[in-house]
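Got your viewer open? Here is a short tour, one selection at a time.

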Amino acid sequence: MYLMCLLGNLIILILVCLASKLHTPMYFFLCNLSVLDIIYVSAITPRMLADFTSESKSISFLACATQMFSFALFATSESLLVSSMSYDRYVAICQPLVYHNIMNKSTCWGLVFGTYFSSFLASITHTFTVFKFPLCGSHEIDHFYCDIPPLLKLTCAHSYIRKLVVFSMAFVMGVVSFFGILMSYVLIIYNILRIHSADGRRKAFSTCTSHLTVVITFYCTVFGIYLQPSMGLNSDGMDKVFSIFYTVASPLLNPIIYSFKNAEVKRAIMHILGRRKILAHT
(Lines give C-alpha, C1' and ligand atoms only; values in the text may rest on other atoms or scores of the structure.)
Protein backbone atom coordinates (compact mmCIF):
# COMPACT_ATOMS: atom_id res chain seq x y z
CA MET A 1 0.00 0.00 0.00
CA TYR A 2 2.87 2.36 0.82
CA LEU A 3 4.61 1.76 -2.53
CA MET A 4 1.30 2.11 -4.39
CA CYS A 5 0.65 5.40 -2.57
CA LEU A 6 4.06 6.76 -3.62
CA LEU A 7 3.60 5.57 -7.19
CA GLY A 8 0.04 6.86 -7.55
CA ASN A 9 0.85 10.34 -6.27
CA LEU A 10 4.03 10.53 -8.37
CA ILE A 11 1.99 9.64 -11.46
CA ILE A 12 -0.45 12.48 -10.67
CA LEU A 13 2.47 14.93 -10.34
CA ILE A 14 4.07 13.79 -13.62
CA LEU A 15 0.73 13.77 -15.43
CA VAL A 16 -0.13 17.34 -14.42
CA CYS A 17 3.35 18.53 -15.43
CA LEU A 18 3.12 16.86 -18.87
CA ALA A 19 -0.51 17.66 -19.75
CA SER A 20 -0.88 21.37 -20.53
CA LYS A 21 -4.69 21.07 -20.30
CA LEU A 22 -4.29 20.29 -16.61
CA HIS A 23 -2.42 23.53 -15.86
CA THR A 24 -5.40 24.96 -13.99
CA PRO A 25 -5.97 26.01 -10.35
CA MET A 26 -7.77 22.74 -9.55
CA TYR A 27 -4.78 20.63 -10.59
CA PHE A 28 -2.34 23.06 -8.98
CA PHE A 29 -4.04 22.23 -5.68
CA LEU A 30 -4.09 18.54 -6.62
CA CYS A 31 -0.30 18.61 -7.15
CA ASN A 32 0.13 20.12 -3.70
CA LEU A 33 -2.16 17.43 -2.29
CA SER A 34 -0.04 14.72 -3.93
CA VAL A 35 3.17 16.21 -2.49
CA LEU A 36 1.54 16.37 0.95
CA ASP A 37 0.37 12.75 0.68
CA ILE A 38 3.84 11.52 -0.26
CA ILE A 39 5.52 13.26 2.70
CA TYR A 40 2.55 12.58 5.01
CA VAL A 41 2.58 8.82 4.49
CA SER A 42 6.40 8.71 4.56
CA ALA A 43 6.47 10.32 8.01
CA ILE A 44 4.70 7.31 9.51
CA THR A 45 4.66 4.18 7.33
CA PRO A 46 8.41 3.38 6.96
CA ARG A 47 8.88 3.49 10.74
CA MET A 48 5.77 1.36 11.22
CA LEU A 49 7.05 -1.22 8.72
CA ALA A 50 10.44 -1.29 10.47
CA ASP A 51 8.72 -1.93 13.82
CA PHE A 52 6.90 -4.92 12.34
CA THR A 53 10.23 -6.68 11.79
CA SER A 54 12.03 -5.42 14.91
CA GLU A 55 11.97 -7.03 18.34
CA SER A 56 12.73 -3.72 20.06
CA LYS A 57 9.89 -1.39 19.15
CA SER A 58 11.36 1.76 20.65
CA ILE A 59 11.68 5.35 19.51
CA SER A 60 13.75 8.19 20.92
CA PHE A 61 12.15 11.23 22.54
CA LEU A 62 13.37 13.52 19.73
CA ALA A 63 12.28 11.11 16.97
CA CYS A 64 8.83 10.80 18.54
CA ALA A 65 8.47 14.59 18.76
CA THR A 66 9.61 14.93 15.14
CA GLN A 67 7.16 12.30 13.95
CA MET A 68 4.27 13.90 15.82
CA PHE A 69 5.18 17.34 14.47
CA SER A 70 5.39 15.98 10.90
CA PHE A 71 2.09 14.16 11.20
CA ALA A 72 0.29 17.19 12.68
CA LEU A 73 1.80 19.49 10.04
CA PHE A 74 0.80 17.43 7.01
CA ALA A 75 -2.55 16.24 8.37
CA THR A 76 -3.56 19.84 9.13
CA SER A 77 -2.22 20.99 5.76
CA GLU A 78 -4.28 18.34 3.99
CA SER A 79 -7.49 19.37 5.76
CA LEU A 80 -6.93 23.05 4.94
CA LEU A 81 -5.88 22.26 1.37
CA VAL A 82 -9.10 20.37 0.62
CA SER A 83 -10.90 23.47 1.94
CA SER A 84 -9.04 25.58 -0.63
CA MET A 85 -10.02 23.06 -3.30
CA SER A 86 -13.67 23.32 -2.28
CA TYR A 87 -13.44 27.12 -2.63
CA ASP A 88 -11.96 26.62 -6.10
CA ARG A 89 -14.93 24.40 -7.05
CA TYR A 90 -17.35 26.98 -5.63
CA VAL A 91 -15.88 29.77 -7.79
CA ALA A 92 -15.77 27.49 -10.87
CA ILE A 93 -19.47 26.59 -10.61
CA CYS A 94 -21.05 29.63 -8.98
CA GLN A 95 -18.97 32.38 -10.65
CA PRO A 96 -17.69 30.83 -13.89
CA LEU A 97 -17.43 34.14 -15.82
CA VAL A 98 -14.88 35.58 -13.39
CA TYR A 99 -13.26 32.27 -12.40
CA HIS A 100 -9.86 32.98 -13.95
CA ASN A 101 -9.82 36.51 -12.55
CA ILE A 102 -10.50 35.30 -9.01
CA MET A 103 -8.44 32.10 -9.07
CA ASN A 104 -5.30 33.68 -10.50
CA LYS A 105 -1.74 32.70 -9.58
CA SER A 106 -1.60 35.11 -6.67
CA THR A 107 -4.79 33.71 -5.14
CA CYS A 108 -3.70 30.10 -5.59
CA TRP A 109 -0.25 30.65 -4.10
CA GLY A 110 -1.78 32.74 -1.30
CA LEU A 111 -4.16 29.91 -0.36
CA VAL A 112 -1.35 27.34 -0.43
CA PHE A 113 1.02 29.54 1.58
CA GLY A 114 -1.75 30.27 4.10
CA THR A 115 -2.39 26.53 4.39
CA TYR A 116 1.25 25.68 5.13
CA PHE A 117 1.82 28.65 7.45
CA SER A 118 -1.32 27.98 9.54
CA SER A 119 -0.47 24.28 9.72
CA PHE A 120 3.09 25.04 10.81
CA LEU A 121 1.87 27.27 13.67
CA ALA A 122 -0.67 24.64 14.76
CA SER A 123 1.92 21.84 14.64
CA ILE A 124 4.46 23.85 16.63
CA THR A 125 1.76 24.53 19.24
CA HIS A 126 0.80 20.83 19.46
CA THR A 127 4.40 19.63 19.72
CA PHE A 128 5.44 22.25 22.27
CA THR A 129 2.35 21.59 24.40
CA VAL A 130 2.82 17.81 24.46
CA PHE A 131 6.62 17.69 24.83
CA LYS A 132 7.30 20.82 26.92
CA PHE A 133 7.50 18.72 30.09
CA PRO A 134 8.91 15.18 30.28
CA LEU A 135 6.37 12.38 30.00
CA CYS A 136 5.87 10.44 33.22
CA GLY A 137 4.58 7.05 34.22
CA SER A 138 4.56 4.46 31.47
CA HIS A 139 6.55 5.31 28.35
CA GLU A 140 4.69 2.77 26.24
CA ILE A 141 2.60 4.37 23.48
CA ASP A 142 -0.56 2.39 22.76
CA HIS A 143 -0.31 3.13 19.05
CA PHE A 144 1.83 2.39 15.98
CA TYR A 145 3.12 5.98 15.74
CA CYS A 146 3.43 9.10 17.91
CA ASP A 147 -0.10 10.47 17.64
CA ILE A 148 -1.41 13.23 19.87
CA PRO A 149 -4.19 11.40 21.85
CA PRO A 150 -2.05 8.41 23.00
CA LEU A 151 0.82 10.75 23.93
CA LEU A 152 -1.49 12.92 26.02
CA LYS A 153 -2.37 9.82 28.04
CA LEU A 154 1.27 9.72 29.19
CA THR A 155 1.32 13.33 30.44
CA CYS A 156 1.19 14.21 34.12
CA ALA A 157 2.27 17.81 34.69
CA HIS A 158 -0.43 20.28 33.69
CA SER A 159 -2.25 17.42 31.98
CA TYR A 160 -5.64 19.13 31.84
CA ILE A 161 -4.21 22.38 30.43
CA ARG A 162 -2.21 20.49 27.81
CA LYS A 163 -5.25 18.55 26.68
CA LEU A 164 -7.35 21.71 26.61
CA VAL A 165 -4.80 23.57 24.45
CA VAL A 166 -4.29 20.68 22.02
CA PHE A 167 -7.94 19.81 21.50
CA SER A 168 -9.00 23.47 21.35
CA MET A 169 -6.46 24.11 18.59
CA ALA A 170 -7.47 20.94 16.73
CA PHE A 171 -11.16 21.82 17.12
CA VAL A 172 -10.69 25.36 15.80
CA MET A 173 -8.62 24.23 12.79
CA GLY A 174 -11.02 21.37 12.07
CA VAL A 175 -14.14 23.54 12.36
CA VAL A 176 -12.66 26.28 10.13
CA SER A 177 -11.71 23.73 7.49
CA PHE A 178 -14.91 21.69 7.65
CA PHE A 179 -17.19 24.75 7.84
CA GLY A 180 -15.47 26.22 4.77
CA ILE A 181 -16.05 23.00 2.84
CA LEU A 182 -19.65 22.74 4.04
CA MET A 183 -20.53 26.31 3.07
CA SER A 184 -18.89 25.90 -0.34
CA TYR A 185 -20.91 22.81 -1.14
CA VAL A 186 -24.16 24.28 0.17
CA LEU A 187 -23.72 27.15 -2.29
CA ILE A 188 -22.56 24.78 -5.05
CA ILE A 189 -25.60 22.49 -4.68
CA TYR A 190 -27.93 25.49 -4.49
CA ASN A 191 -26.56 26.87 -7.77
CA ILE A 192 -26.56 23.47 -9.47
CA LEU A 193 -30.22 22.92 -8.61
CA ARG A 194 -31.02 26.24 -10.31
CA ILE A 195 -29.62 24.94 -13.62
CA HIS A 196 -32.61 24.05 -15.83
CA SER A 197 -30.77 21.60 -18.08
CA ALA A 198 -30.40 18.07 -16.70
CA ASP A 199 -27.20 17.66 -18.72
CA GLY A 200 -25.87 20.91 -17.27
CA ARG A 201 -26.60 19.73 -13.72
CA ARG A 202 -24.88 16.41 -14.41
CA LYS A 203 -21.75 18.11 -15.75
CA ALA A 204 -21.67 20.51 -12.79
CA PHE A 205 -21.97 17.65 -10.29
CA SER A 206 -19.29 15.63 -12.11
CA THR A 207 -16.72 18.41 -11.56
CA CYS A 208 -17.16 18.05 -7.79
CA THR A 209 -17.48 14.29 -7.27
CA SER A 210 -13.74 13.57 -7.08
CA HIS A 211 -13.06 16.29 -4.54
CA LEU A 212 -16.17 15.48 -2.50
CA THR A 213 -15.17 11.79 -2.35
CA VAL A 214 -11.71 12.76 -1.03
CA VAL A 215 -13.27 15.08 1.57
CA ILE A 216 -15.71 12.43 2.84
CA THR A 217 -13.00 9.74 3.03
CA PHE A 218 -10.59 11.97 4.97
CA TYR A 219 -13.04 13.58 7.40
CA CYS A 220 -15.04 10.44 8.20
CA THR A 221 -11.91 8.62 9.36
CA VAL A 222 -10.51 11.61 11.27
CA PHE A 223 -13.81 12.30 13.02
CA GLY A 224 -14.14 8.57 13.69
CA ILE A 225 -11.00 8.50 15.84
CA TYR A 226 -11.15 11.94 17.48
CA LEU A 227 -14.86 11.91 18.36
CA GLN A 228 -14.85 8.43 19.91
CA PRO A 229 -13.35 9.50 23.27
CA SER A 230 -15.55 12.60 23.55
CA MET A 231 -18.63 10.44 23.00
CA GLY A 232 -17.54 7.98 25.69
CA LEU A 233 -17.13 5.08 23.27
CA ASN A 234 -14.77 2.20 24.01
CA SER A 235 -12.51 2.01 20.99
CA ASP A 236 -11.08 -1.53 21.58
CA GLY A 237 -8.40 -0.86 18.99
CA MET A 238 -10.73 0.89 16.56
CA ASP A 239 -8.62 4.05 16.89
CA LYS A 240 -5.74 2.18 15.23
CA VAL A 241 -8.03 0.97 12.45
CA PHE A 242 -9.24 4.51 11.74
CA SER A 243 -5.64 5.73 11.91
CA ILE A 244 -4.61 3.26 9.20
CA PHE A 245 -7.34 4.72 6.99
CA TYR A 246 -6.31 8.35 7.28
CA THR A 247 -2.54 7.77 7.41
CA VAL A 248 -2.19 5.14 4.66
CA ALA A 249 -5.48 4.45 2.87
CA SER A 250 -6.50 8.07 2.32
CA PRO A 251 -3.22 9.11 0.62
CA LEU A 252 -3.49 5.94 -1.48
CA LEU A 253 -7.11 6.56 -2.49
CA ASN A 254 -6.65 10.21 -3.47
CA PRO A 255 -4.80 9.59 -6.79
CA ILE A 256 -7.09 6.64 -7.58
CA ILE A 257 -10.21 8.76 -7.02
CA TYR A 258 -8.88 11.61 -9.14
CA SER A 259 -7.83 9.18 -11.88
CA PHE A 260 -10.98 7.10 -12.25
CA LYS A 261 -13.64 9.64 -11.31
CA ASN A 262 -12.25 12.57 -13.29
CA ALA A 263 -12.86 12.72 -17.03
CA GLU A 264 -10.17 15.37 -17.61
CA VAL A 265 -7.48 13.22 -16.01
CA LYS A 266 -8.54 10.16 -18.01
CA ARG A 267 -8.46 12.17 -21.25
CA ALA A 268 -5.01 13.52 -20.37
CA ILE A 269 -3.73 9.98 -19.71
CA MET A 270 -5.09 8.73 -23.04
CA HIS A 271 -3.66 11.77 -24.85
CA ILE A 272 -0.18 11.27 -23.39
CA LEU A 273 -0.20 7.52 -24.01
CA GLY A 274 -1.42 8.07 -27.57
CA ARG A 275 1.23 10.69 -28.21
CA ARG A 276 3.99 8.47 -26.85
CA LYS A 277 2.76 5.57 -28.99
CA ILE A 278 2.91 7.69 -32.17
CA LEU A 279 6.43 8.89 -31.32
CA ALA A 280 7.50 5.30 -30.71
CA HIS A 281 6.29 4.21 -34.17
CA THR A 282 8.03 7.12 -35.88
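**Getting your bearings**

Start with the cartoon: the protein has 11 helices and 0 strands. Keep in mind that this is a predicted model. Follow the chain from the N terminus and the order of elements reads α-α-α-α-α-α-α-α-α-α-α. Colour by accessibility next, and 44% of the 282 residues come up as buried. If you draw contacts with a sequence separation of 6 or more, 76% of them link residues 24 or more positions apart.

**Stop 1: H1 against H2**

Select residues 2-18, which are helix H1, together with H2. The two pack at an angle of about 155°, and their axes are 9 Å apart. That angle makes H1 roughly antiparallel to H2, and their crossing is left-handed.

Now show side chains. From H1, the contact takes in Tyr2, Cys5, Leu6, Asn9, Leu10, Ile12, Leu13 and Val16. Facing them from H2 are Tyr27, Leu30, Cys31, Ser34, Val35, Asp37, Ile38, Val41 and Ser42. Colour this set by class and you get 13 nonpolar, 3 polar and 1 charged.

While you are here, pick out Cys31. With a relative accessible area of 15%, Cys31 is buried. Which cysteine has the sulfur closest to that of Cys31? Cys17 does, but at 5.6 Å the two sulfurs are too far apart for a bond.

**Stop 2: a long-range neighbour of H1**

Keep Ile12 displayed and add Ile256, which sits in helix H10 (residues 238-260). Along the chain, Ile256 and Ile12 are 244 residues apart, yet 9.4 Å separates their C-alpha atoms. Ile256 is partly exposed, at 35% relative accessible area.

**Stop 3: H2 against H4**

Leave H2 (residues 25-42) on screen and add helix H4 (residues 61-94). Here the packing angle is about 165° and the axes lie 10 Å apart, which makes H2 roughly antiparallel to H4. Look at how they pass each other: the crossing is left-handed.

On the H2 side, select Pro25, Met26, Phe29, Leu30, Asn32, Leu33, Leu36, Asp37, Ile39 and Tyr40. Their partners on H4 are Phe71, Phe74, Ala75, Ser77, Glu78, Leu81, Ser84, Met85, Asp88 and Arg89. Sorted by class, this contact has 13 nonpolar, 3 polar and 4 charged residues. Leu30 and Asp37 may look familiar, as both also take part in the contact with H1.

**Stop 4: the disulfide**

How many disulfides does a search of the whole structure find? It finds 1. Show Cys64 and Cys146 as sticks, and you'll see them joined by a disulfide, S to S 2.1 Å. Check the torsion about the S-S bond: it is about -125°, so this disulfide is left-handed.

Zoom out a little to see what the pair connects. Cys64 belongs to helix H4, while Cys146 is in the loop between helix H6 (105-131) and helix H7 (148-152), so the bond ties together parts that are 82 residues apart in sequence.

Are the two ends buried or exposed? Cys64 is buried, at 5% relative accessible area, and Cys146 is buried too, at 2%.

One last selection: Cys108. This cysteine also counts as buried, with 5% relative accessibility.

Conventions: Residues numbered from 1 in each chain as written. Predicted model: local features only at pLDDT ≥ 70, side-chain atom pairs only at ≥ 80, totals over all residues. Heavy atoms only, no water. Axes fitted to C-alpha atoms, helices over the stretch in contact; angles between N-to-C directions. Helix = DSSP H or I, 4+ residues; strand = E, 2+ residues; numbered from the N terminus. Parallel < 35°, antiparallel > 145°, perpendicular 65-115°, else oblique. Left-handed = near helix turned anticlockwise from the far one by under 90°. Contact = heavy atoms within 4.5 Å. Nonpolar A, V, L, I, M, F, W, Y, C, P; charged D, E, K, R; others polar. Disulfide = S-S within 2.5 Å. Buried < 20%, exposed > 50% of the residue type's maximum accessible area, 1.4 Å probe, protein only.
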